[in-house]
Amino acid sequence: MTTKEHTVVHEAHNVNARQAPEHFYKSQPGKGYITSMDQYYKMYNESINNPDAFFSKMAKEYLHWDRPFTKVQTGSIEKGDSAWFLNGELNAAYNCVDRHAFENPDKTAIIYEADDEKENRIITFGELLKQVSEVAGVLQSWGVKKGDTVAVYLPMIPEAVVAMLAVARLGAIHTVVFAGFSAGSLKDRVVDAGCKVVITCDEGKRGGKTVNTKKIVDEGLNGVDSVSRILVFQRTGTEGIPMRAGRDFWWHEETKKQRGYLPPVSCNSEDPLFLLYTSGSTGAPKGIVHTTGGYLLGAALTTRYVFDIHPEDVLFTAGDVGWITGHTYALYGPLALGTATIIFESTPAYPDYGRYWRIIERHRATHFYVAPTALRLIKRVGEAEIPKYDTSSLRVLGSVGEPIAPDLWEWYHDKIGNKNCVICDTMWQTESGSHLIAPLAGAVPTKPGSATVPFFGVNACIIDPVSGVELEGNDVEGVLAVKSAWPSMARSVWDNHDRYIDTYLKPYPGYYFTGDGAGRDHDGYYWIRGRVDDVVNVSGHRLSTAEIETSLVANDNVSESAVVGIHDDLTGQAVVAFVSLKNSDYIQENATEGDANHVTPDALRRELVLHVRSEIGPFAAPKTVILVRDLPKTRSGKIMRRILRKVASNEADQLGDLSTIANAEIVPSIISAVETQFFNAKKK
């Protein structure tokens with residue numbers, strides 16, 4: 001967008017979008033970093049039109065460099081060779097720990113909320129520096145050096161953060177595997193990354209239940225020759241944990257042998273900091289490569305400006321470090337800024353549905369960042385617990401993992417924020433490293449359900465999925481892409497750069513393809529429609545699944561939809577739509593015609609198909625609409641269309657590993673729904 005377009009958008013925002021409540025400004029420790037749309041546009045324009053000057057200034061202000069960079073950026077999206085802060089050297093652990101420990105060793109770094117609240121503890125920056133140095137010393141004594149890969153398979157405990165920072169301190173590369181993954185999933189990632197060390201614990205605790213973490217590791221590493229050492233933290237202290245002599249070592253015993261300070265290793269800005277594996281719709285998990293300088297700057301800048309984080313604040317990111325949300329906004333973002341972060345081991349329902357709010361009250365958290373999945377759960381069964389706690393310390397509420405529906409946005413704003421907080425609906429992904437589109441708290445007026453505007457350096461655009469042409473102006477729908485590189489974008493897929501190019505850069509040459517459908521409204525605000533896992537080809541018509549899903553969700557009774565393509569002998573592919581409803585009672589088998597409060601399943605299916613036919617065209621009409629209780633999602637809230645496609649293709653016996661599904665219990669009901677509503681219907 002041009003400066004002129006920004007001015008027009010600015011005027012429109014004042015009319016249609018919501019300003020931050022007075023409480024937000026009154027509760028700030030100091031003046032906000034960005035206080036107006038004019039200021040946002042000025043900085044955003046500079047970041048797009050003169051990125052070298054903009055990011056040079058930011059990198060020098062927010063990061064400590066052992067050796068100054070000599071060039072801000074090189075390469076391009078077209079060639080897939082982008083690089084930032086060339087020849088600069090720094091260390092991520094130093095930036096997140098040492099410099100804050102030297103200035104104020106007694107300042108709180110980590111607030112640990114254990115599964116059992118009696119085990120809560122606080123770790124200062126001084127204590128964190130000592131612990132990180134000791135673990136780094138253990139790894140160094142085992143021969144871990146710059147460029148080596150180390151797997152971290154730990155629950156959400158402070159030691160997970162310590163382990164990640166210890167690996168980074170040596171210039172090695174950490175790959176965190178979510179501690180809920182199966183032994184097979186762990187093995188796949190350890191083997192692909194070539195890890196020589198695994199860091200884990202004896203057992204985990206979650207929701208009052210014990211997880212046999214070490215047992216899973218032993219099973220997963222059976223036959224894996226690359227791993228020479230396993231460091232085991234004693235989380236529960238249960239006796240009889242099997243320890244293999246010469247390979248397995250206790251954390252508490254090994255760290256006692258190390259000194260309390262180990263100098264950090266300087267790394268090139270483009271040296272990998274970590275790998276994080278993400279599943280595609282097909283193929284093996286991809287090891288997304290993030291580099292040290294660009295990623296760390298993106299984490300720091302978005303944490304500071306999107307959330308308006310101040311050093312005195314307390315950020316509660318209710319996400320696991322096994323995912324990118326935990327990496328960026330539970331660890332690297334807040335700690336790079338010297339801000340306290342809450343590490344939460346348990347679930348929102350344990351020991352009761354007041355857990356989140358008790359944490360916020362106890363630690364006077366100022367920022368809360370969570371997935372809509374958790375909010376929907378609390379809204380459905382735990383709302384009565386909210387008024388029991390004092391959450392008045394909150395200033396900013398964040399949403400992550402999936403687009404948040406406007407009605408849930410309003411509930412979040414009213415019930416959790418008491419109409420006093422800014423809502424930051426953030427769009428980003430593992431591959432982006434940090435926020436792509438999000439409101440800047442206190443500066444960008446918000447709209448329920450909209451991720452609003454691009455972050456600095458993110459030259460966002462909408463592309464027509466059929467023609468591949470970029471759509472200019474506002475009031476457009478298509479797929480979300482980015483026109484130029486930004487510092488925190490992933491650089492590659494581990495040991496498979498061709499896959500990186502094919503997945504993200506080839507679909508629309510000259511653009512980074514996010515894989516999400518999106519719209520830009522009359523004010524220039526972005527609305528994320530969800531993943532576009534494929535383009536369905538029906539009788540020669542290339543159809544965007546996001547476009548069909550948007551049409552279905554326009555029905556007042558539809559909560560969520562997911563569209564997949566399956567083989568069809570006549571048309572090549574056929575569209576199958578899965579739909580969950582806001583109110584399941586709306587469907588009644590014996591509903592009568594003219595009943596405004598109820599409808600039969602067949603009548604609703606016909607209504608939805610006709611709506612798609614009329615809004616997009618007959619060729620886009622779903623072959624069938626499957627009514628389901630819920631859609632399968634990852635723990636970050638993304639709908640797993642791969643599962644739906646397999647079930648709709650009568651391949652439910654080929655679903656494979658379901659460990660990445662947060663709500664795997666709904667899969668049998670989806671299989672049953674497809675059997676009764678689709679396959680049996682075809683037989684009649």
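Two strands are taken to pair if DSSP finds at least two bridges between them. Helices (H or I, at least four residues) and strands (E, at least two) are DSSP runs, numbered from the N terminus.

The model on display is predicted: local features need pLDDT of at least 70, side-chain atom pairs count only at pLDDT 80 or more, and totals for chains, interfaces and linings use all residues. Residues are numbered from 1 along each chain as its sequence is written, and side-chain values use heavy atoms, with hydrogens and water left out.

**Stop 1: the seven-stranded sheet**

Select the open sheet of seven strands, whose order is E5-E4-E17-E16-E18-E19-E20 and whose pairing is mixed. Its edge strands, each pairing on one side only, are E5 (121-124) and E20. From one strand to the next the twist averages 20°; angles run from 0 to 180 degrees between N-to-C directions, and axes are lines fitted to C-alpha atoms, for helices over the stretch in contact.

Move next to strand E18 (residues 367-370), which pairs with E19 in the parallel sense over four bridges. Here Val370 stands opposite Ser399 in E19. Strand E19 (residues 396-399) in turn pairs with E20, in the parallel sense and over four bridges, and the bridge partner of Ser399 in E20 is Asp425.

Now select E20 itself, residues 422-425. In a regular strand the side chains alternate between the two faces of the sheet. Val422 and Cys424 on one side of E20, and Ile423 and Asp425 on the other, are all buried. Buried means under 20% relative accessible area, exposed over 50%, and partly exposed in between (1.4 Å probe, protein chains only).

**Stop 2: two loops beside these strands**

Asn418 lies in the loop between helix H15 (406-416) and E20. Its phi is near 50°, a positive value in a residue other than glycine. Asn418 counts as partly exposed because its relative accessibility is 44%.

For the second loop, select Pro351, between strand E17 (340-344) and helix H13 (355-363). The peptide bond that joins Tyr350 and Pro351 is cis, with omega about -5°.

**Stop 3: helices H11 and H12**

Select helix H11 (residues 292-306), where Thr292 is found. Is Thr292 buried or exposed? With a relative accessible area of 2%, Thr292 is buried. Leaving aside residues up to four places away in sequence, Thr292 touches Leu90, Ala92, Cys267, Asn268, Ser269, Asp271, Pro272 and Leu273; contact means heavy atoms within 4.5 Å.

Add helix H12 (residues 324-336), which packs with H11 at an angle of about 80°, the axes being 8 Å apart. That makes H11 roughly perpendicular to H12, in a scheme where angles under 35 degrees count as roughly parallel, over 145 as roughly antiparallel, 65 to 115 as roughly perpendicular and the rest as oblique. H11 contributes Tyr295, Leu296, Ala299, Ala300, Thr302 and Thr303 to the contact, while the residues of H12 include Ile324, His327 and Tyr332.

Beyond H11, select Asp308, in the loop that leads to strand E16 (314-317). Asp308 is buried, with a relative accessible area of 1%. Among the residues that Asp308 touches are Phe24, Tyr33, Thr303, His367 and Arg395.

**Stop 4: the eight-stranded sheet**

A further open sheet has eight strands in the order E12-E11-E8-E6-E7-E14-E15-E24, with mixed pairing. Strand E12 (248-250) and strand E24 (492-493) are its edges, each pairing on one side only. Strand E11 (residues 229-233) pairs with E12 in the parallel sense over three bridges, and Leu231 has Phe249 as its bridge partner in E12. H12 packs on this sheet, touching strand E7 (173-176) and strand E14 (272-278), and its direction makes about 140° with that of E14.

**Stop 5: from E24 into H16**

Select Asp495, in the loop between E24 and H16. Its phi is near 60°, a positive value in a residue other than glycine. Asp495 is exposed, with a relative accessible area of 74%.

Helix H16 follows at residues 497-505, with Arg499, Tyr500, Ile501, Tyr504 and Leu505 buried. Which strands do the buried residues of H16 pack against? They pack against strand E15 (286-291), E24 and strand E25 (512-520). To finish, select Leu505 together with Asp308: their C-alpha atoms are separated by 32 Å, and the two residues are 197 residues apart along the chain.
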